[in-house]
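Student: I have a model open and I'd like to learn how to read it. Can we go through it feature by feature?

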Amino acid sequence: MPLKENAPSAGLTAWTLLLLWTSLILAANVVFAFTTWRQHAAVTYLITVGKIAQSSEGQGPLGKRGLHLRYTYAVHGVNYSGSRYRYDDENVSLHYGRIMQDFPTHSTHPVYYNPRDPRDSTLAPGVDGCDLLLLLVALPFNVITAVVWKAFLNARPLRRSRREAGGVKIMRRERRLKVRLAETSAVEAGSYAAGLGAIVGATAAVFSSGFSESLEFMTRVWIATLLLGVAVGVWKHLRNASGKFDLHLDAAPAELILPQTAGRPAPLRVTRAALRGVIVQRRVSATPSGNHYSYVPALRLTEGDIGRTAPLVTWGWNEAKARAFGEWLSRELGAEFDGVQDETAPPAPAVTMAA
């Protein structure tokens, strides 16, 4: 019995939650990036002498929080007042008690002001370790958001794909055909590794000294995180280029080499005589927002009197891509395309079939 697709209301709720989540992540990115950039730019500001008019700890909804800092200064004979200690005054690494001790009322201190707008001023220019830590904390959330968007777009009902074979990379050489079916690109693998590295690095930084790590330490953590992402991306690129995750069609010996995927420990070599058709298996996975559907192109094979299916990818695609690829592959192999069918059982263990 065919599975019933999600109700429109459930899909609308999922999209609403995704858009809300994405908006929050983008807002955090903008705030962190903008304040860090302004802190960096403030290093080039001009300096004048200012006087602290007020220095006290602010009052938040749950207790004392933040600074009440006010100072006056003059630029070219014009008097100005400011209230900014840093551009990120809500920075959780700030020790408000120590700041009040360093900037007591009636004391004089250098004031850094923007030469283009003298009203724009601060008392503590420069990027610190917490600025880099907050950016590092944001990195895995950005990776997760990108992954969720990809999953939502892949699950979305789309129009029939107009690209050959659903857009997979096809390489033809004389009578040999190679189809790139690796489901994770080098860029994706590198991003996942960098996100994981960011989680480890940020956790280590917070547990070691709260949000007060030094700029030098956080710079090293960022370098290590980026190097990890690059290294894993290069490794994945080499793995994909090795052909282990490609479908090979060789007309001369009339055989196929199936990719090392769907639990197969190695590429699977089969004869065309064992081929009985091409299908797309519809797989359902239960999620908090409802059923998620993915579509796995597969081959129908026969070994002796035993029939089974051999999936060509592990996680599955959207229906339009899987159907377009299945139809293209059936034409290339001269086999029947059996359409989309519900996956009723996990794929059988891989068995190598000799000619």
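Student: Which residues does Gly-82 touch, not counting residues up to four places away in sequence?

Tutor: First, some ground rules: this is a predicted model, where local features need pLDDT of at least 70, side-chain atom pairs count only at pLDDT 80 or more, and totals for chains, interfaces and linings use all residues. Residues are numbered from 1 along each chain as its sequence is written, and side-chain values use heavy atoms, with hydrogens and water left out. Contact means heavy atoms within 4.5 Å. By that rule Gly-82 touches Leu-69, Arg-70, Tyr-71, Tyr-73 and Ser-121. In sequence Gly-82 and Ser-121 are 39 residues apart, yet their C-alpha atoms are 6.5 Å apart in space.

Student: Is Gly-82 buried or exposed?

Tutor: Buried means under 20% relative accessible area, exposed over 50%, and partly exposed in between, using a 1.4 Å probe and protein chains only. Gly-82 has 8%, so it is buried. It lies in strand 3; helices (H or I, at least four residues) and strands (E, at least two) are DSSP runs, numbered from the N terminus.

Student: How do I read strand pairing, say for strand 4 and strand 5?

Tutor: Two strands pair if DSSP finds at least two bridges between them. Strand 4 and strand 5 (residues 117–122) are joined by three bridges and run antiparallel. The hairpin between them passes through two residues, and Tyr-113 stands opposite Ser-121. Strand 4 (residues 108–114) has five of its seven residues buried, so the rest of the structure largely encloses it.

Student: What about the nonpolar core: which residues have the most contacts inside the largest one?

Tutor: In soluble globular proteins, nonpolar side chains tend to be buried together. A nonpolar core is a set of buried Ala, Val, Leu, Ile, Met, Phe, Trp, Tyr and Cys residues joined through side-chain atoms within 4.5 Å. Here the largest has 28 residues, and Leu-181, Leu-247, Leu-258, Leu-299, Phe-325 and Leu-329 have the most contacts inside it. Elements that each supply at least two residues of this core include strand 11 (275–287), strand 12 (290–303) and helix 6 (319–333). Apart from it lies another core, of 16 residues, among them Ile-52, Leu-69, Val-75 and Ala-124.

Student: Why does the length of helix 5 look right?

Tutor: The expected span is 1.5 Å times one less than the number of residues. For the 27 residues of helix 5 (residues 215–241) that should be 39 Å, and the end C-alpha atoms are 39 Å apart, so the two agree. Its buried residues include Trp-222, Gly-229 and Lys-236. Just after helix 5, Gly-243 takes a positive phi of about 90°.

Student: How many aromatic pairs are there?

Tutor: Rings of Phe, Tyr and Trp (its six-membered ring) pair if their centres lie within 6.5 Å; planes under 30 degrees apart count as stacked, over 60 as edge-to-face and the rest as tilted. The count comes to eight. Phe-34 and Trp-37 are stacked, because their centres are 6.3 Å apart and their planes at 25°. Both lie in helix 1 (residues 8–41), three residues apart, about one turn of the helix. Phe-34 is partly exposed at 45% relative accessibility, while Trp-37 is exposed at 54%. Tyr-85 and Phe-103 make an edge-to-face pair, 5.6 Å centre to centre with 80° between the planes. Tyr-85 and Phe-103 are both buried.
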